[in-house]
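Work through the following exercises with the sequence and the model side by side. Each task is followed by a solution that goes step by step.

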Amino acid sequence: LAGELVRDGLPEGRVRRFFSSPGLEYNPLPMETKLRELFGIYFDSDLTREVQEKLFRLGREILIDGKNGPGTGRAILAFEKERNLPANGKVTRNLLAALDKALKTETSRPLSEYKPPVPAKPSRTATHGRFTNESAIKTISGLYLADKKIFDRMEAIHGVPGPVVASVMWIETGYGNYFGKNKAAVMLASMAASADYSLVAPRLRDLEENEGAGAYLSETALKRGAWARDELEALLVYAWENGLDPMDFPGSVYGAVGYGQFMPSNIKKHAVDGDGDRKIDLFDKTDAVHSIGNYLRNHGWRGDMSDEEKRREVIRRYNNSGVYVNTVLYVADRVAAGTGER
């Protein structure tokens, strides 16, 4: 991994010093977490669909779509527990055999009775309650008012309302109260090293029981490892250019950093020096406020953005989740209303 980074043009001395850092120890967690997530969603959709169909025939109300999501997992667990089987909620060929056995001895219904549920429209009101309850709104409103000069200057430069940026900071890190329990560089270096699937394979033996799973996991690890290497490279360059130690950054399991949880590849594109000290520090509140504002401006935010759909579209570029968008806009509107800004 160090050799790859040097071949990409990073200074060899700095790379070697980084890889000699105390605390830079391999951690299989980020790649294991990602592979389990992707495996559950995408691997062997035909097997998943067959399991779903048999569960339906045995009386389970289940969406038959070939995707191993939470609903399918819950239905499997219920089936396993009712029959005193080892309960893990996973789609396996052993599970399929158990379903076939049950269908031979139990009353079932024909698959022709299945009617796909009408897709529910995405909620425009559902929010993450821990950020939108009255106590939370009071807290973020007070934090915003205490730093209003920073937000006012950001708004004058980037044209993004301060309450929107404050809302993003509130939801991403509790306004800097929680930056993550991992070291971002360790997580990214570990995930990049895990492009060699043999490093993480011992933790995924249960998934490899499925036919063809080993090849899928190995190929996916290679792709995700390459992504992590690029993010690690971006993190190292960012740190060195700004006189920072990359091992000092707490972050998410996938290496997002700072008040706004920027992925390193987004730092070069969107982060800015907000306080004029000629360096960008996303753990500095002023730099973070200006960087989030610049990110939103670069993705289309203009002025007050009275058009609801356009507001939602821009926030989705920050996090592609409907509930996240709802939460950001609800908090921002409440903060703005409570501070007399609209």
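**Exercise 1. Helix α3**

Which residues of α3 are buried?

Solution. Before starting, note that this is a predicted model, in which local features need pLDDT of at least 70 and side-chain atom pairs count only at pLDDT 80 or more, while totals for chains, interfaces and linings use all residues. Residues are numbered from 1 along each chain as its sequence is written, and side-chain values use heavy atoms, with hydrogens and water left out.

Step one is to fix the terms: buried means under 20% relative accessible area, exposed over 50%, and partly exposed in between, with a 1.4 Å probe and protein chains only. Helices (H or I, at least four residues) and strands (E, at least two) are DSSP runs, numbered from the N terminus.

Step two is to apply the cut-off, which gives P30, M31, E32, K34, L35, L38, F39 and G40 as the buried residues of α3. These buried residues pack against α11 (184–193) and α12 (213–241), where contact means heavy atoms within 4.5 Å.

Step three is to check the length of the helix. The expected span is 1.5 Å times one less than the number of residues, so the 14 residues of α3 (residues 29–42) should span 20 Å, and the end C-alpha atoms are indeed 20 Å apart. After α3 comes D44, with a positive phi near 50°.

**Exercise 2. Helix α10 and the core**

Determine how far α10 is enclosed, and follow V165 into its surroundings.

Solution. Begin with the geometry: α10 (residues 162–173) has 12 residues and reaches 17 Å from its first C-alpha to its last, close to the 16 Å expected. Next, count burial: 11 of the 12 residues of α10 are buried, so this helix is largely enclosed by the rest of the structure. Among the buried residues are G162, P163, V165, W170 and T173. The partners against which the buried residues of α10 pack are α7 (129–132), α8, α9 (148–158), α14 (285–298), α15 (308–318) and α16. Just after α10, G174 takes a positive phi of about 60°.

Then turn to V165, which touches F151, M154, V160, V289, I292, G293 and L296 when residues up to four places away in sequence are not counted. A nonpolar core is a set of buried Ala, Val, Leu, Ile, Met, Phe, Trp, Tyr and Cys residues joined through side-chain atoms within 4.5 Å. The largest one has 62 residues, and F151, V165, L296 and I315 have the most contacts inside it. Apart from it lies another core of 18 residues, including L55, L58, L95 and A98.

**Exercise 3. Two crossing helices**

Describe how α8 and α16 cross, and which residues of the two helices meet.

Solution. Two packed helices are described by the angle between their axes and the distance between the axes. Here the axes are lines fitted to C-alpha atoms over the stretch in contact, with angles running from 0 to 180 degrees between N-to-C directions. For α8 (residues 134–146) and α16 (residues 322–338), the axes come within 10 Å and cross at roughly 60°. On the side of α8 the contact residues are E134, I137, I140, S141 and Y144, and these meet Y330, V331, R334 and V335 in α16.

**Exercise 4. Buried and exposed single residues**

Are A184, R311, N84 and R278 buried or exposed?

Solution. Take the helical pair to begin with. A184 is in α11 and counts as buried, at 0% relative accessibility; its contacts, leaving out residues up to four places away in sequence, are L235, F249, P250, G251, G255 and V257. R311 is in α15 and also counts as buried, at 10% relative accessibility, and on the same basis R311 touches W301, M305, L329 and D333.

Now take the loop pair. N84, in the loop between α5 (70–82) and α6 (93–105), counts as exposed at 72% relative accessibility, and R278, in the loop between α13 (264–270) and α14, is exposed with a relative accessible area of 81%. Most residues other than glycine have a negative phi. N84, however, has a positive phi near 55°, and R278 has a positive phi near 70°.
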